[in-house]
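Subject: A structure for you to look at

Hello,

I am passing a structure on to you today, together with some notes on what turned up in it. Have a look at it first, and then read on below.

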Amino acid sequence: GRPVGLKGVAAEAPQPDMVTPLPPARRIIACLDVRSNDAGDLVVTKGDQYDVREGGQVRNHGKPVALASRYYEEGADEVTFLNITAFRDLVL
């Protein structure tokens with residue numbers, strides 16, 4: 001027989017081909033621009049069009065792993081790394 005719903009009324013069986021679309025999920029994805037500094041260490045930098053020098057000094061925001069950990073702890077769903085080392089000597 002057919003399944004019985006509340007109040008003894010026959011319930012309609014769900015149709016497998018009728019899928020209700022869900023709204024897009026909101027995700028926080030951090031992208032860290034990583035390059036090697038003058039000493040050869042990997043650092044996260046921030047600049048305009050990959051110009052990371054400010055007054056002749058590199059704007060260094062810290063170590064990639066430490067910053068990725070911080071973003072993760074603050075709720076980022078993903079952390080990506082963009083290697084911009086090659087852009088130091090190449091003009092786009």
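A word on pockets to begin with: on a 1 Å grid over the protein atoms alone, a pocket is an open set of points where a 1.4 Å probe fits, with protein on both sides within 12 Å along at least five of seven lines, and its lining residues have an atom within 4 Å of a point. Grid points are joined across faces, edges and corners, and the volume is the space filled by probe spheres set on the points. By that reckoning, the largest pocket holds about 160 Å³ of space.

Please keep in mind that this is a predicted model, where local features need pLDDT of at least 70 and side-chain atom pairs pLDDT 80 or more, while totals for chains, interfaces and linings use all residues. Residues are numbered from 1 along each chain as its sequence is written, and side-chain values use heavy atoms, without hydrogens and water.

The chain has 1 helix and 6 strands, in the order β-β-β-β-β-α-β from the N terminus. Both kinds of element are DSSP runs numbered from the N terminus: helices are H or I with at least four residues, strands E with at least two.

Strand 1 and strand 2 run antiparallel, joined by 3 bridges; DSSP must find at least two bridges for strands to count as paired. One of the partnerships is V34 with V44 of strand 2. The hairpin of these strands has 5 residues between them, and G40 there takes a positive phi near 90 degrees. Strand 2 is also joined to strand 5 (residues 60–62), antiparallel and by 2 bridges, with T45 facing N60 as its bridge partner.

Back to the largest pocket: strand 1 (29–36), strand 2 (42–45) and helix 1 (64–73) each give at least two residues to its lining. Among the lining residues are C31, V44, T45, H61 and Y71. The lining divides into 5 nonpolar, 2 polar and 3 charged residues; here Ala, Val, Leu, Ile, Met, Phe, Trp, Tyr, Cys and Pro are nonpolar, Asp, Glu, Lys and Arg charged, and the others, Gly among them, polar.

Finally, V65 sits in helix 1 and is exposed, with a relative accessible area of 63%. Exposed means over 50%, buried under 20% and partly exposed in between, using a 1.4 Å probe and protein chains only. Buried residues make up 18% of the chain's 92 residues.

Best wishes
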